Amino acid sequence: MIFNDLTALIKRRKTTYASDFTDEVISKEIIERIVANALWAPTHKLTQPWRFIVLGGNHKQELGCFMAEYYRKKYTEEEFSNERYEETKTYTENATLLGLVFQPSQRAQLPEWEEIAAISSAVQNMWLSCTALNIGSYWDTSEATMKYTERIALKENEKFLGIFLMGYPKENIQLGNRRRKPLSKKLTWEN
Ligand SMILES: Cc1cc2nc3c(=O)[nH]c(=O)nc-3n(C[C@H](O)[C@H](O)[C@H](O)COP(=O)(O)O)c2cc1C
């Protein structure tokens with residue numbers, strides 16, 4: 001039964017965009033429960049190469065405005081309309097923003113890909129936890145967001161791997177049905 005429940009949860013997890021979040025605030029206790037589950041991800045040599053920052057204060061307003069300006073500069077008016085610009089300005093207002101900070105271990109000297117694989121598992125733990133709590137979420141690594149994170153001071157060997165956006169979803173939103181390729185294309189058996 002646990003396997004079936006887990007499979008259902010994995011399939012229910014979906015990228016849910018901030019424009020689909022209500023203004024209901026996620027409590028500190030719930031955020032802590034979600035991040036606590038991240039900490040249980042596997043890591044080679046137990047490096048735990050991460051830390052997370054809740055970006056409060058003005059960040060919710062500023063990130064949306066930054067995105068709007070960024071894409072206005074990057075795209076033509078046709079590609080990024082004025083309507084889109086105005087919508088983008090308030091895009092992150094309802095989102096809880098969790099900065100994903102990569103902290104590769106200096107002690108363990110692992111290949112970077114192993115450490116990134118580990119933090120990715122931590123993000124998946126949070127994504128699934130959000131799904132179980134009926135919270136919408138997604139991992140944002142867009143150009144504008146990555147650029148925005150440059151303004152937040154980190155320690156010397158740290159780097160941002162994007163922002164994890166969370167929020168309570170509006171009712172009856174259309175979630176993308178991003179289909180997966182069949183198992184037969186992705187699993188082979190070699191003797
Ligand atoms: C490392 C990583 C970075 C991602 N960055 C973005 C992003 O910047 N913008 C975005 O819209 N989705 C982003 N996504 C979400 C993917 O687009 C999404 O997971 C994929 O389309 C499958 O959809 P699903 O999550 O609903 O199953 C990212 C996912 C991963 C794993």
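This is a conversation about how the terms used for this predicted model follow from its values.

Biologist: What does the protein chain contain, and in what pattern?

Modeller: The protein chain has 7 helices and 4 strands. Along the sequence the pattern reads α-α-β-α-α-β-α-β-α-β-α. The C-alpha trace spans about 55 × 45 × 40 Å along its principal axes. Of the 191 residues, 25% are buried.

Biologist: How do you know how far apart in sequence the contacting residues are?

Modeller: Take the contacts with a separation of 6 or more. Residues 24 or more positions apart account for 84% of them.

Biologist: What makes the strands a sheet, and what is their order?

Modeller: A pair of strands needs at least two bridges. β1 and β2 are joined by 5 bridges. β2 and β4 have 6 bridges. β3 and β4 have 5. Each of these counts meets the cut-off, so each is a pair. The result is an open sheet of 4 strands in the order β1-β2-β4-β3, with antiparallel pairing.

Biologist: Why are β1 and β3 called edge strands?

Modeller: Each of them pairs on one side only. From one strand to the next, the twist averages 25°.

Biologist: Which residues face each other across the strands?

Modeller: Ile 53 has Gly 99 in β2 as its bridge partner. Leu 97 is partnered by Leu 165 in β4. Trp 139 stands opposite Phe 164 in β4. Asp 140 stands opposite Ile 163, also in β4.

Biologist: What holds paired strands together in general?

Modeller: Backbone hydrogen bonds do, and the pairing can be parallel or antiparallel.

Biologist: Why is β3 called largely enclosed?

Modeller: A residue is buried if 20 or more other C-beta atoms lie within 10 Å of its own. In β3, 4 of the 5 residues are buried, so the rest of the structure largely encloses this strand. β2 earns that description too, because 5 of its 7 residues are buried.

Biologist: Is Phe 52 buried, exposed or partly exposed, and how do you know?

Modeller: Phe 52 lies in strand β1. It has 19 C-beta neighbours inside 10 Å. Buried needs 20 or more, and exposed needs 12 or fewer. Phe 52 therefore counts as partly exposed.

Biologist: What does Phe 52 touch, beyond residues up to four places away in sequence?

Modeller: Phe 52 touches Val 35, Ala 38, Leu 98, Gly 99, Leu 100 and Val 101. Phe 52 and Phe 164 are 112 residues apart in sequence, yet 9.5 Å apart in space, C-alpha to C-alpha.

Biologist: Which value is special about the backbone of Lys 45?

Modeller: Its phi is near 60°, a positive value in a residue other than glycine. Lys 45 sits in the loop between α2 (28–38) and β1 (50–54). With 14 other C-beta atoms within 10 Å, Lys 45 falls between the cut-offs of 12 and 20, so it is partly exposed.

Biologist: And why is Asn 134 called exposed?

Modeller: Asn 134 has 9 C-beta neighbours inside 10 Å. The cut-off is 12 or fewer, so Asn 134 counts as exposed. Asn 134 belongs to the loop between α5 (112–132) and β3 (136–140). Its phi is also positive, about 55°, although Asn 134 is not a glycine.

Biologist: How do you know that the span of α3 is close to what is expected?

Modeller: Helix α3 runs over residues 59–74, which is 16 residues. From first C-alpha to last it reaches 22 Å. At 1.5 Å a residue, the expected span is 22 Å, so the two are close.

Biologist: Which residues of α3 are buried, and what covers them?

Modeller: The buried ones are His 59, Leu 63, Gly 64, Met 67 and Ala 68. Their cover includes α4 (82–89), β2 (96–102) and α6 (143–149). In general, an α-helix has 3.6 residues a turn, so residues three or four places apart point the same way.

Biologist: Which residues are around the ligand?

Modeller: They are Lys 14, Thr 15, Tyr 138, Trp 139, Asp 140, Thr 141, Ser 142, Gly 176 and Arg 178.

Biologist: What makes up the shell by class?

Modeller: The shell divides into 2 nonpolar, 4 polar and 3 charged residues. Tyr and Trp count as nonpolar, Gly as polar, and Asp, Lys and Arg as charged.

Methods:
Residues numbered from 1 in each chain as written. Predicted model: local features only at pLDDT ≥ 70, side-chain atom pairs only at ≥ 80, totals over all residues. Near = placed C-beta within 6 Å. Axes fitted to C-alpha atoms, helices over the stretch in contact; angles between N-to-C directions. Contact = placed C-beta atoms within 7 Å.
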